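Grab your viewer and work through a few short exercises on the fold shown here. Each task comes with a worked solution, so try it yourself before reading on.

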Amino acid sequence: MNAYIVVEGEADADLIRRLIPAEFSDGIAVVAADGRSSAVSLSRTILGARQTPTALVVDSDTTSDALANEQKTMLNDLLRSAAGATPYLVALAIPETEAILFSAPEVLERIIGASLSETDRITARFRPKETLARLIRPAGLASVADLLSRLSESDLARLRCDRLVADLIDFIRESLRPANAGFRRAGQEGADAPIRISR
């Protein structure tokens, strides 16, 4: 692999995989950890042992700019200490990764077949995961994965304008440039071996 994206869980991985353009899919692995601490630990392991560009995507669980900035600083410090010269990215979802789906309300409205109320829009700012779960049930969707499967290319293009997604795509594009794709040290063993997650 030329780059990894590490997320907190399978639902996050499903969303991020759907949003990564197909042109990058061969060189990128999206890895679901077992929560935030596991995601941080796994990212540090990939950076330190595999010396492979890695993006860490975690929820801030807050809408406070001050608290989110504190978290980002701490996470950057943790990854920097393991990365050395290896490129990395900390992408903090505010407050949760599901907020991406509310960044283009018209996309969500098309799929659920209803307009978002003002209450929906407000609650989605603070509890997007909970709001999304409540919205998909009346629409006859079995799960968020079902919703993701119904995203068209036009929908995906709109959602890729979200700042977090755009930053991820820029990081991937840079990581896959020829100058960086071969940046792991020659002779490094096990670079593409399966990743094991401690649970």
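**Exercise 1: the middle of the sheet**

In this predicted model, strand 1 (residues 3–7) and strand 3 are paired through four bridges, in the parallel sense. Find the residue of strand 3 that stands opposite Val 7.

*Solution.* Start at Val 7 and look across to strand 3: its opposite number there is Val 57. Now bring in the helix: helix 3 packs on the sheet and touches both strand 3 and strand 4. Its direction makes about 155° with that of strand 4.

**Exercise 2: strand order**

Work out the order of the four strands in the open sheet, and say which ones stand at the edges.

*Solution.* Reading across, the order is 2-1-3-4, with parallel pairing. Strand 2 (28–32) and strand 4 each have a single partner strand, so they stand at the edges, with one side of each left without a neighbour in the sheet. Going from one strand to the next, the twist averages 15°.

**Exercise 3: from strand 3 to strand 4**

Trace how the chain gets from strand 3 to strand 4, and decide whether the crossover is right-handed or left-handed.

*Solution.* First, the pairing: strand 3 (residues 54–59) runs parallel to strand 4, and six bridges join them. Asp 59, for one, stands opposite Ala 93 in strand 4. Next, follow the chain: it leaves strand 3, passes through helix 3 (residues 65–83) and arrives at strand 4, a β-α-β crossover that is right-handed.

**Exercise 4: an edge strand's surroundings**

Why is strand 4 (residues 88–93) described as largely enclosed?

*Solution.* Count its buried residues, taking under 20% relative accessible area as the cut-off. Five of the six qualify, so the rest of the structure largely encloses strand 4.

Note on methods: Residues numbered from 1 in each chain as written. Predicted model: local features only at pLDDT ≥ 70, side-chain atom pairs only at ≥ 80, totals over all residues. Heavy atoms only, no water. Buried < 20%, exposed > 50% of the residue type's maximum accessible area, 1.4 Å probe, protein only. Helix = DSSP H or I, 4+ residues; strand = E, 2+ residues; numbered from the N terminus. Pairing = 2+ DSSP bridges. Right-handed = clockwise from strand over helix to strand, strands pointing away. Axes fitted to C-alpha atoms, helices over the stretch in contact; angles between N-to-C directions. Contact = heavy atoms within 4.5 Å.
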